[in-house]
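Student: I am new to this structure. Please take me through its aromatic ring pairs, one step at a time.

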Amino acid sequence: MTLAMVATVWGAEIPRTPDGKPDLSGTYDIATLTPLTRPASLGERQSLTDAEAKVLADQAKAVAAATNKASDPNRKAPPTGGDGSEGPAGNVGGYNSLWVDIGEGAFKVDGKWRTSIVIDPSNGRMPPVTDAARKQRAAQAKVSRPNRGDAFWITEGISPGPYDDPEMRPTAERCLLSFGSGGGPPMLPVMYNNLKQLVLTKDTLVIVNEMVHDARVVRINGEHEPPEIRRWLGDSIGRWEGDTLVVDTTNFNDNPAIGASRNLHVVERFRRIDAKSLLYGFTVEDPTVWTKPWSGEILWPATEQRIFEYACHEGNYSFGGILKGARLLEAEAEKKVKK
Amino acid sequence: MRAKTRVILGVVAACGLGLVFVQVRSVYAHHAFGAEFDPNRPVLLKGPVTRVEWINPHTWIHLETTKADGKKEIWMVEGGTPNSLLRRGLKRDSIQPGQAIIVDGYQAKDRSNRANGRDITLPGGQKFFMGSSGTGAPYDAPGKDERK
């Protein structure tokens with residue numbers, strides 16, 4: 001009731017705090033079928049028609065219905081050598097759809113169904129990477145390969161191998177950060193657990209990410225830590241520009257999200273556009289990795305869903321299994337090399 | 001059920017609009033299953049559930065299998081986060097010990113009795129869990145197009 005009264009006084013249909021700022025507090029579900037980067041086939045097309053957006057949503061429903069159909073009870077084990085699945089499924093099959101929550105449609109901003117989260121460059125894709133970043137990614141790709149169930153790094157003499165040191169493994173595998181850029185910044189949709197809870201006070205914005213339970217504490221009107229203080233999610237300070245809370249984040253450690261470097265600088269813009277949603281904008285700048293800054297925008301719809309705890313270290317059996325598995329495969333590969 | 005990456009590709013193929021909405025994020029998971037499971041060791045597991053570990057980052061369902069020689073074995077099958085199941089109205093005790101299931105997947109590279117839950121069904125082939133939203137389940141919010 002208080003919120004409604006304040007909103008009336010201000011003549012805007014957004015909730016406001018007692019001191020008149022837009023109240024960003026709430027829980028948001030940012031899952032969407034709109035991808036981070038626009039498919040090349042769509043070129044400069046920034047939006048879908050209503051009919052196209054409906055087809056996309058209908059097809060997603062149809063696929064969900066199809067995947068819920070019964071399997072053959074007399075099925076055999078999957079094929080030896082892998083099932084050909086790609087990406088995280090890694091040739092062994094991935095998640096059933098019940099574990100996944102990637103949204104049910106594209107999102108709309110200013111009445112347009114967006115074709116990508118990235119809006120600058122205008123082709124909806126990240127700008128080219130620097131030569132140094134390209135070389136580093138090529139080196140990484142050499143050891144990040146499809147799963148064949150062998151220790152190729154032994155037979156091919158690649159050292160260090162991808163499983164030599166636990167600290168070489170991805171931060172998500174180690175339960176340190178969300179996979180993708182869920183915790184951000186910038187905070188982007190991932191495969192599941194896309195809920196964000198915001199709590200705003202006069203001098204602080206706290207952002208709780210369901211995925212890996214990452215929390216960011218933004219000091220409003222604060223100053224950045226000295227450059228030697230580094231954090232996994234960076235150091236965030238905020239300021240109000242009219243009704244938009246602008247959050248500036250620097251001081252990342254060596255492994256920020258989205259493949260950036262420790263020189264990453266992210267500016268985020270939180271703006272309540274109505275009582276049920278927030279528009280989240282961001283600009284990413286990292287001269288070590290990208291040849292110019294790039295920006296994106298995504299609608300954050302408020303939700304009545306609750307964030308559940310994601311205590312990643314609770315039972316991360318996978319990690320021990322991954323490392324032990326690598327040791328066994330190495331022992332077998334070494335035998336072959338000796339022969 | 002196929003891997004989700006395949007499912008998304010299916011959406012694309014069916015769309016016919018050139019909307020190659022293959023999600024960049026679909027290449028990310030808590031960990032790549034490819035790092036953990038061995039494509040050269042396919043398994044088909046059948047038997048009753050013995051225990052459910054309702055934990056993060058992944059749920060593990062234990063079942064007892066019987067080998068051809070009558071010997072019993074306990075296997076663990078890896079699923080996703082229980083948070084997704086909670087949102088769909090399932091709870092830890094929704095999965096009762098004794099419930100017979102079939103799982104096809106791949107054994108862990110560490111050769112322990114662990115496999116990925118590539119497809120978990122009841123003995124008749126029906127999905128043990130079904131993925132959907134807006135089901136009206138206790139913790140399930142309406143689908144986005146149902147939002148008021």
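Tutor: What follows is a walk through the ring pairs, with a short stop at a small sheet. Keep in mind that this is a predicted model.

Start with the count. Over all chains, there are 12 aromatic pairs. One of them joins Y28(A) and W300(A). Their ring centres are 6.0 Å apart, and the planes meet at 50°. That makes the pair tilted, since planes under 30 degrees apart count as stacked and those over 60 as edge-to-face.

Now place the two residues. Y28(A) sits in strand β1 of chain A, residues 26-29. W300(A) sits in strand β13 of chain A, residues 294-301. The pair therefore ties together parts that are 272 residues apart in sequence. Y28(A) is buried, at a relative accessible area of 0%. W300(A) is buried too, with a value of 0%.

Compare F152(A) and W153(A). Their pair is edge-to-face, with 5.2 Å between centres and 90° between planes. Both F152(A) and W153(A) are buried.

Go back to Y28(A) and W300(A). Ring pairs link them with F270(A), Y280(A), F282(A), W290(A) and W294(A) into a cluster.

A ring can also have a charge over its face. R114(B) lies over W60(B), 5.6 Å from the ring centre.

Last, the sheet. In chain A, three strands form an open sheet in the order β2-β4-β3, with antiparallel pairing. β2 (47-48) and β3 (108-109) of chain A are at the edges with a single partner each, so one side of each has no neighbour in the sheet. β3(A) pairs with β4(A), residues 112-114, over two bridges. There, K108(A) stands opposite W113(A) in β4(A).

How values were computed
Residues numbered from 1 in each chain as written. Chains lettered and ligands numbered in written order. Predicted model: local features only at pLDDT ≥ 70, side-chain atom pairs only at ≥ 80, totals over all residues. Heavy atoms only, no water. Pairing = 2+ DSSP bridges. Helix = DSSP H or I, 4+ residues; strand = E, 2+ residues; numbered from the N terminus. Phe/Tyr/Trp six-rings, centres within 6.5 Å; stacked < 30°, edge-to-face > 60°. Buried < 20%, exposed > 50% of the residue type's maximum accessible area, 1.4 Å probe, protein only. Lys NZ or Arg CZ within 6 Å of the ring centre and 35° of its normal.
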